[in-house]
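Student: I would like to go through the assignments in this model one by one and ask of each how the value meets its definition. Could we start with a single side chain?

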Amino acid sequence: MPKEASMDLKQIEYIVKIAETGNITRAAEQLFVTQSALNQQLLKLENALGIKLFYRRKHDLTPTDAGKVYLKYGRQMLIEKREAYNIINDLAQDNLGHLSFTFSRERGLDMFVATYPAFHRQFPGIIVEPHEMRVHNQQLQIAQGYVDLGLVTLSEQQKLADLQYDHIRYEPLLLCLPRKHPLAKDAAPVGTYLEDLPYMDLSAIKELPFVLIYKESTMRSLINRILGAAKIRPYVLFESGSIRALLKIVASGLACTITSAGYIRGKDDVAFYRIPGDPLWEMCTVHKKDTYVSKAMACYKELIVRYFTEKDPLLTNQNRSL
């Protein structure tokens, strides 16, 4: 490879961002450089290599075979750079560096707001880069080395082989009905522990309208499996990325839903029922396997566990004293 075509880390970041966005304009905006400057960097690199890295189709760019090779090794170099700096910063004990952290909306955001002040007091020099994204995207971003740490809820089948999942807790999925619905006449009182909730046969609600979490979510695939096993093809009135919005609709009496036991508190107008077979999913922190866990990341993992153990525990007999 000619000297001028050596892999410069800043240049790699540019090419990776172009590949991520598929568009020079969007990549330039996210990199805080001009579109012209970024395009010139790409052309300069392609001229030095003597081969195109991207196919140009109108406004979209997709990697060529050469581009895929460049991206594969370039991304690995960026991961190794981040890991090296994490190790060096820990050795220097200067509490400097970055921590890229992802979580899903609502509970993930609640957790971040509650835990960040304690983290910042301990690591004031660490720049935390929080991102709200879907679990599937979190896993891909972590696997590709763009993100250090994630908080996910998913089933065992949805885990990726090259990621490390550290268990926080299991959460049962519950059927949620309007408390004023006739089918909810035997509903448990507000504040009933999960173990003491009554069961409901799903065949009883097969004619009811549903409001459900969006199709791309990890929970939706579990819900589809549950309803499919019960031979229910639901009439879906509304879909949302917000479980709290879905429960608000249920409380109004318009529909039913299925959601996680982590959302049971404070929903006085919703009746919760256990589902036969007690389906559940798992809450975990996740990071890339075989990578260095910095002191900052280890601290944040501990804060997350403490939050869901002490500040937002499940409503169970086991947590009666909390």
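Student: Is glutamate 239 buried, exposed or partly exposed, and what value decides it?

Tutor: Glutamate 239 has a relative accessible area of 30%, and since buried means under 20%, exposed over 50% and partly exposed in between (1.4 Å probe, protein chains only), glutamate 239 is called partly exposed. Please keep in mind that this is a predicted model, in which local features need pLDDT of at least 70 and side-chain atom pairs count only at pLDDT 80 or more, while totals for chains, interfaces and linings use all residues. Residues are numbered from 1 along each chain as its sequence is written, and side-chain values use heavy atoms, with hydrogens and water left out.

Student: What makes the contact between lysine 215 and glutamate 239 a salt bridge?

Tutor: The closest N and O atoms of lysine 215 and glutamate 239 are 2.8 Å apart, and the criterion is a side-chain nitrogen of Lys or Arg within 4 Å of a carboxyl oxygen of Asp or Glu, so the pair qualifies. Lysine 215 sits in the loop between β7 (209-213) and α7 (218-229), whereas glutamate 239 belongs to strand β8 (residues 235-240), and therefore the pair ties together parts that are 24 residues apart in sequence. Helices (H or I, at least four residues) and strands (E, at least two) are here DSSP runs numbered from the N terminus. Lysine 215 itself is exposed, because its relative accessible area is 54%.

Student: How do you know that lysine 17 and glutamate 20 are about one helical turn apart?

Tutor: They are three residues apart in helix α1, and that separation is about one helical turn. Their side chains meet in a salt bridge of 3.1 Å, N to O. Lysine 17 counts as buried because its relative accessibility is 18%, whereas glutamate 20, at 35%, counts as partly exposed.

Student: Which residues are linked in a network with Lys10?

Tutor: Glu13 and Lys81 are linked with Lys10 in a network of salt bridges. Within it, the side chains of lysine 10 and glutamate 13 meet at 3.2 Å, N to O, and both residues lie in helix α1, three residues apart. Lysine 10 is partly exposed at 45% relative accessible area, and glutamate 13 is partly exposed at 25%. A search of the whole structure finds 15 salt bridges.

Student: What makes the pair of tyrosine 307 and phenylalanine 308 edge-to-face?

Tutor: The same search applied to rings finds eight aromatic pairs in the whole structure. In one of them, tyrosine 307 and phenylalanine 308 stand 4.8 Å centre to centre with 85° between the planes. Rings of Phe, Tyr and Trp (its six-membered ring) pair if their centres lie within 6.5 Å, and planes under 30 degrees apart count as stacked, over 60 as edge-to-face and the rest as tilted, so this pair is edge-to-face. Tyrosine 307 counts as buried because its relative accessibility is 12%, and phenylalanine 308 is buried at 3%.

Student: Which residues form the aromatic cluster?

Tutor: Phe101, Phe103, Phe112, Tyr116, Phe119, Phe123 and Tyr300 form one aromatic cluster. Among its members, phenylalanine 101 and phenylalanine 103 are both buried.

Student: Why is arginine 134 said to lie over the face of tyrosine 214?

Tutor: Arginine 134 is 4.7 Å from the ring centre of tyrosine 214, and a charge sits over a ring if NZ of Lys or CZ of Arg is within 6 Å of the ring centre and within 35 degrees of the ring normal, so the distance part is met. The angle is not quoted, but arginine 134 is assigned to the face of tyrosine 214.

Student: How many residues line the largest pocket, and which lie nearest its centre?

Tutor: The lining has 29 residues, of which Glu13, Arg82, His98, Glu129 and Tyr146 lie nearest the centre. About 960 Å³ of space lies in this pocket, and α4 gives the most to its lining, with eight residues. On a 1 Å grid over the protein atoms alone, a pocket is an open set of points with protein on both sides within 12 Å along at least five of seven lines, a cavity is a set where a 1.4 Å probe fits but cannot get out, and lining residues have an atom within 4 Å of a point.

Student: What is the volume of the largest cavity?

Tutor: Its volume is about 140 Å³, where grid points are joined across faces, edges and corners and a volume is the space filled by probe spheres set on the points. The lining of the largest cavity has 13 residues, with Ile79, Arg82, Asp148, Lys288 and Thr291 nearest its centre.
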